[in-house]
Amino acid sequence: MIRPRIGRFDRMGGESGDNRILLVFDGDCAFCQTCVNAGHRFLPYMPAVRAWQGLDLGAAGLTREEVMTSVQLLGPGGLRAHGARAIGVMLAVQPHAAWRALGRVMLAPPVSWAAEAGYQLVSRYRHLLPGSTTCGVPPV
C-alpha cells in the first residue's frame, strides 16, 4: 500500500513543502476539469493540480503519451501512479477514514481491475461525456 507521509493539509492547494503531491491532468478536457473541480469541492485534501499543457514534462519525468492517456499522480519518495490507481491513492491519503477506506478498496484486486477498466473506458470516450465539448481528445 502506498501511503506517503502527508504534511499540513490545505483544502485548496495540497500540502506544503517536500511532501507535496502533484496531480497532472488534461487541461484541454472539460470533463477532466469538471472532475478536478469536484475533487476540490468534495475532498478534504486535494493535491496540487496542474494541467500537463503548462508543465515541463521532462522535468516531471513524464511523457506526452502518458499525460494524454491518463491522469498522473507524482509525489514524495518516488510516488507515481496513473489512471484509476492515481485516484485510489489520492483517496487513500485523505484525512477522513471513509475516503481512505474507499481508496484502499479501490486499490485492492479485483476492485482495482474493474476500476482501471472503467477508467480506461471513460478516458477513451471522455469527449462524448456531458460538458466535454471542448475536450482536446479526437473522436475515436
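Two strands count as paired if DSSP finds at least two bridges between them. Keep that in mind for the first view of this predicted model.

**View 1. Here is an open sheet built from four strands.** Read across the sheet and you meet the strands in the order E2-E1-E3-E4, with mixed pairing. Which strands sit at the edges? They are E2 (residues 48-51) and E4, and each of them pairs on one side only. Neighbouring strands are turned against each other by 20 degrees on average, if you ignore direction.

**View 2. Zoom in on E1 and E3, which pair in the antiparallel sense.** Three bridges link E1 with E3. For one bridge you can name both residues: Val 24 has Gln 72 in E3 as its partner.

**View 3. Helix H4 lies across three strands of the model, E1, E3 and E4.** Against E4, helix H4 runs at about 125 degrees. Is H4 largely enclosed or not? Eight of its ten residues are buried, so the rest of the structure largely encloses this helix. Among the buried ones are Gly 83, Ala 84, Val 89, Met 90 and Leu 91. What covers them? The cover includes strands E1 (22-25), E3 (72-75) and E4 (79-82), along with helices H5 (97-107) and H6.

**View 4. This close-up shows helix H4 (residues 83-92) packing against helix H6 (residues 111-124).** A pair of packed helices is described by two things, the angle between their axes and the distance between those axes. For H4 and H6, the angle is about 120 degrees and the axes are 7 Å apart. Angles of 65 to 115 degrees would count as roughly perpendicular and those over 145 as roughly antiparallel, so H4 and H6 are oblique to each other. Where do the helices touch? Gly 83, Ala 84 and Arg 85 on the H4 side meet Ala 115, Glu 116 and Tyr 119 on the H6 side. Sort those contact residues by type and you get three nonpolar, one polar and two charged.

**View 5. Ser 70 sits in the loop between helix H3 (64-69) and strand E3.** Is Ser 70 buried or exposed? Its relative accessible area is 8%, and since buried means under 20%, that settles it: Ser 70 is buried. Skip the neighbours within four places in sequence, and Ser 70 is in contact with His 82, Gly 83 and Tyr 119. You have met two of these before: Gly 83 and Tyr 119 also take part in the contact of H4 with H6.

Notes:
Residues are numbered from 1 along each chain as its sequence is written. This is a predicted model: local features need pLDDT of at least 70, side-chain atom pairs count only at pLDDT 80 or more; totals for chains, interfaces and linings use all residues. Side-chain values use heavy atoms; hydrogens and water are left out. Axes are lines fitted to C-alpha atoms, for helices over the stretch in contact, and angles run from 0 to 180 degrees between N-to-C directions. Helices (H or I, at least four residues) and strands (E, at least two) are DSSP runs, numbered from the N terminus. Angles under 35 degrees count as roughly parallel, over 145 as roughly antiparallel, 65 to 115 as roughly perpendicular and the rest as oblique. Contact means heavy atoms within 4.5 Å. Ala, Val, Leu, Ile, Met, Phe, Trp, Tyr, Cys and Pro count as nonpolar, Asp, Glu, Lys and Arg as charged, and the others, Gly among them, as polar. Buried means under 20% relative accessible area, exposed over 50%, partly exposed in between (1.4 Å probe, protein chains only).
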